[in-house]
Every structure is written in structure tokens, then in C-alpha cells.
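The following exercises concern strand pairing, burial and polar contacts in one protein model. Each task is followed by a solution in steps.

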Amino acid sequence: MAQKALGRLFNSTPAADGKWINLQQAGGITYLCYLAGAAGDTYTLQEAKDNSGTGAQNLVNITEYWTNTGDGSDAWTRRTQAAAATVVTAAAATQNAMVCEVNGTSLSDGYKYVKLTSTGAGTVNAVIRDLVPQRAPQNLPAMGS
């Protein structure tokens with residue numbers, strides 16, 4: 001049986017809002033965020049040395065992100081900004097969903113954990129990608145350890 005994408009291409013934590021995620025064995029992380037109701041939200045990216053947040057600091061890395069309604073009715077819109085640790089989505093239905101990516105190589109030396117935190121009630125799904133060791137899903141390590 002061929003190995004499925006989970007464990008070969010990615011691992012995921014669907015409830016990742018404000019959770020430290022280990023990037024040590026991955027090429028990067030893609031955050032899939034959603035807040036319905038055209039409310040707008042602010043998402044803040046941080047890095048740390050361990051899963052307890054040692055040395056936590058803002059990761060001023062986001063220069064590009066993507067938005068759409070999140071219901072499959074429209075294409076993604078590319079948005080750019082000066083390098084920042086935050087993404088602010090507008091109070092518009094076309095920005096209910098937001099996606100941003102962080103490459104593991106963009107973390108500071110000695111840092112291997114990242115977290116994205118919503119200041120509103122937005123959901124944050126962390127998708128770890130480009131897994132270095134590929135494993136069956138049941139053998140994947142917990143992403144926060």
C-alpha cells in the first residue's frame with residue numbers, strides 16, 4: 001500500500017492557535033487561518049527555543065500572505081507587506097481565510113519552535129510540510145514536543 005500524504009508530505013495540528021510547533025524535522029510550516037463574518041483579525045508570529053517558549057520573540061518574517069472567503073467560491077488573493085511578525089486581515093468577507101508560510105531556515109539560530117496567535121476568535125491550523133523523516137501517521141511525533 002502506498003503511503004498517504006499525512007506522514008509523507010505533511011503533519012497537521014488543526015487547533016494550533018497560540019501553540020508552539022516544532023520545525024526541527026520539517027522544511028517549514030503553512031498556517032491556514034479562518035474567521036467567519038467579515039470580522040477581520042490580527043495574527044502574530046513568534047519563535048522560541050523550546051515548547052515552553054524559552055526566548056520567545058516576534059519572528060519578523062511575513063512579507064506575503066493569501067486571503068479569500070474560505071468557502072471555495074473565490075480564488076486566493078496574494079497580499080504583500082513589509083516584513084512583519086503580524087498579518088492583519090480586513091473586516092471583509094474576501095479576507096475571512098488567510099494563509100501564510102514560514103520556512104524553517106528563517107528561524108533565528110537556536111530557535112526551532114514557532115506559533116501563530118489570533119487576537120480574535122480565528123482558527124489556526126498548522127500544517128508542517130516537507131517532512132525530513134517520512135513516517136506512517138501513527139509514528140509521527142507530536143508537533144508540540
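**Exercise 1. Establish how strand β10 is paired and whether it is buried or exposed.**

Step 1. Strand β2 (residues 21–22) is joined to β10 by two bridges, and the two run antiparallel. Strands here are DSSP runs of E of at least two residues, numbered from the N terminus, and two strands pair if DSSP finds at least two bridges between them. Within this pairing, Y113 of β10 is the residue opposite N22.

Step 2. Strand β4 (residues 41–48) also pairs with β10, in the antiparallel sense and over six bridges. Here E47 faces V114 in β10.

Step 3. Of the six residues in β10 (residues 113–118), five are buried, and the strand is mostly covered. Buried means under 20% relative accessible area, exposed over 50%, and partly exposed in between, with a 1.4 Å probe and protein chains only.

A note on the basis of these values: the model is predicted, so local features need pLDDT of at least 70 and side-chain atom pairs count only at pLDDT 80 or more, while totals for chains, interfaces and linings use all residues. Residues are numbered from 1 along each chain as its sequence is written, and side-chain values use heavy atoms, with hydrogens and water left out.

**Exercise 2. Determine the strand order of the six-stranded sheet and describe its pairings.**

Step 1. The sheet is open, with the order β1-β11-β3-β9-β6-β7 and antiparallel pairing. Its edge strands, each pairing on one side only, are β1 (10–13) and β7 (77–84). On average, neighbouring strands are turned by 25 degrees against each other, direction ignored; axes are lines fitted to C-alpha atoms, and angles run from 0 to 180 degrees between N-to-C directions.

Step 2. Consider β11 (residues 123–131): seven of its nine residues are buried, so the strand is largely enclosed by the rest of the structure. Four bridges link β1 and β11 in the antiparallel sense, and F10 lies opposite R129. Strand β3 (residues 26–34) is joined to β11 by eight antiparallel bridges, and the partner of G28 there is R129.

Step 3. Strands β6 (residues 62–68) and β9 (residues 97–103) run antiparallel and are joined by three bridges. In this pair, T67 is opposite M98 of β9.

**Exercise 3. Characterise the surroundings of N68 in strand β6.**

Step 1. N68 belongs to β6 and counts as buried, at 5% relative accessibility.

Step 2. A polar atom of the N68 side chain lies 2.7 Å from the backbone nitrogen of G70. The side chain of N68 also reaches the backbone oxygen of D74 at 3.5 Å.

Step 3. Leaving aside residues up to four places away in sequence, N68 touches D74, A75, W76, A93, T94, Q95, N96 and A97. Contact means heavy atoms within 4.5 Å.

**Exercise 4. Explain why C33 and C100 are not bonded through their sulfur atoms.**

Step 1. The structure holds zero disulfides, a disulfide being a pair of cysteine sulfur atoms within 2.5 Å.

Step 2. The cysteine sulfur closest to that of C33 is in C100, at 5.6 Å, and therefore too far for a bond. For C100, likewise in no disulfide, the nearest cysteine sulfur is that of C33.

Step 3. Both residues are classed as buried: C33 has a relative accessible area of 4%, and C100 has 1% relative accessibility.

Methods: Polar contact = N/O pair within 3.5 Å; in protein donor to acceptor, adjacent residues only side chain to side chain.
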